[in-house]
Amino acid sequence: MRYLDQSGLETARQFMKHRARPLEQAIYEYEFESGSDEKVLKELSAFQNPDGGFGHGLEPDLRCKESSALATTRALEIVGRMPLSDKRAGMIRKALTYFVHSYREDRRGWDIIPPDAESAPRAVWWKYGVFAENWGNPNALIIAFFLDYRMLVPYEKLDDLVQSAIDYFLNECDVQEMHELFCYLQLMERLDESQQALLDGKMLRFLDNCIPSDPQQREGYGAEPLQAADSPTSRYYPKYASLIPDELDRLIGKQGEDGAWAPNWTWYQYEEEWKQAKEEWKGILTLQSLRTLQNYDRLFPY
């Protein structure tokens with residue numbers, strides 16, 4: 001069994017402190033060095049638009065300034081890790097109000113990116129209308145956030161949307177697309193036990209389809225067990241318990257000489273902008289890796 005040793009931890013720290021975006025640097029300091037949540041909110045607010053949504057490259061693969069569901073859900077994931085405060089509540093209200101106003105009746109949900117994304121530097125797969133055949137991405141995730149904050153932002157469509165998400169999953173979802181899987185994993189955490197029981201059987205098939213047990217079948221960009229079970233408290237940890245020790249060893253082995261974990265994909269266009277986005281992704285992926293290793297007690301003690 002491997003641990004991220006003192007040298008590896010220190011090089012990761014140096015990367016986060018000196019090469020990560022100010023936002024990820026602030027998140028790192030908050031989560032690992034008792035830093036200020038106010039600093040995180042300050043940095044995050046720079047990505048929020050007057051309409052309440054987030055853009056401006058918060059999601060590094062999409063550089064448009066306009067608000068998108070993609071960037072706004074990422075922002076809500078970040079603020080969800082911090083304690084409630086007036087500033088945090090205000091940011092959440094604005095973000096969810098953006099979703100209230102951008103809901104599309106004809107799609108029973110939301111576009112993941114706006115049409116304006118077509119004119120901005122971005123990864124080749126971010127075209128307007130992408131994931132239209134996979135309703136759960138981003139809709140299941142957005143619904144999860146409305147459930148989290150239903151007392152903060154009541155939404156009259158919420159109960160119907162939850163039922164739509166369940167019906168789609170059971171009757172239409174082809175359980176093949178990994179991003180849709182991740183959205184439904186988040187929604188599952190917010191459903192009641194009876195609703196979870198309805199989805200569990202098909203969710204297990206979804207996991208099997210998207211996450212091969214054999215690492216040799218997971219070359220390149222794809223889902224991995226630690227994304228479905230990033231801690232021993234994850235709902236589907238028991239499914240992957242026997243694989244997790246080796247997966248953690250592999251995760252440690254993927255740390256680069258610069259201390260960071262790097263993306264295993266490229267944009268296939270906008271090469272200059274991709275260089276910056278790649279560095280930004282390193283900060284995000286390094287944070288995720290350190291969290292997972294911490295959750296499983298694989299970090300060398302400070």
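What is the volume of the second largest pocket? The second largest pocket has a volume of about 190 Å³, and the tour begins there. The model is predicted: local features require pLDDT of at least 70, side-chain atom pairs count only at pLDDT 80 or more, and totals for chains, interfaces and linings use all residues. Residues are numbered from 1 along each chain as its sequence is written, and side-chain values use heavy atoms, with hydrogens and water left out.

**Stop 1: the pocket**

Select Arg 107, Trp 110, Phe 131, Ala 132 and Asn 139, which lie nearest the centre of the second largest pocket among its 16 lining residues. A pocket is here an open set of points on a 1 Å grid over the protein atoms alone, where a 1.4 Å probe fits, with protein on both sides within 12 Å along at least five of seven lines; lining residues have an atom within 4 Å of a point. Its volume is the space filled by probe spheres set on the points. By class, the lining comprises nine nonpolar, four polar and three charged residues; Ala, Val, Leu, Ile, Met, Phe, Trp, Tyr, Cys and Pro count as nonpolar, Asp, Glu, Lys and Arg as charged, and the others as polar.

Next, isolate Phe 131, in the loop between α5 and α6. Helices are DSSP runs (H or I, at least four residues) numbered from the N terminus. Phe 131 has a positive phi of about 70° although it is not a glycine. Phe 131 counts as buried because its relative accessibility is 17%; buried means under 20% relative accessible area, exposed over 50%, and partly exposed in between (1.4 Å probe, protein chains only).

Move on to helix α6 (residues 136-148), which contains Pro 138. The peptide bond from Asn 137 to Pro 138 is cis, with omega near 15°.

**Stop 2: salt bridges**

A salt bridge places a side-chain nitrogen of Lys or Arg within 4 Å of a carboxyl oxygen of Asp or Glu, and by this rule the count comes to 28. Select Lys 17 and Glu 33, whose side chains meet in a salt bridge at 3.0 Å, N to O. Lys 17 lies in helix α1 (residues 6-18) and Glu 33 in the loop between α2 (22-32) and α3 (37-45), so the pair ties together parts 16 residues apart in sequence.

Then display Arg 63 and Glu 280, with their closest N and O atoms 2.7 Å apart in a salt bridge. Arg 63 belongs to the loop between α3 and α4 (69-79) and Glu 280 to helix α13, so this pair ties together parts 217 residues apart in sequence. Glu 280 counts as buried, at 8% relative accessibility.

The third pair to display is Asp 208 and Lys 239, joined by a salt bridge of 2.7 Å, N to O. Asp 208 lies in helix α9 (residues 193-210) and Lys 239 in helix α11 (residues 237-240), so parts 31 residues apart in sequence are tied together. To see a network, select Glu 10, Arg 13, Lys 17, Glu 29, Glu 33 and Lys 39, which are joined by salt bridges that share partners.

**Stop 3: the surface**

Within the loop between α2 and α3, select Ser 34. Phi of Ser 34 is near 55°, a positive value in a residue other than glycine, and Ser 34 is exposed, with a relative accessible area of 72%.

Finish at Tyr 268, in the loop between α12 (244-253) and α13 (271-295). Tyr 268 counts as exposed, at 62% relative accessibility.

Definitions and conventions: Helices (H or I, at least four residues) and strands (E, at least two) are DSSP runs, numbered from the N terminus.
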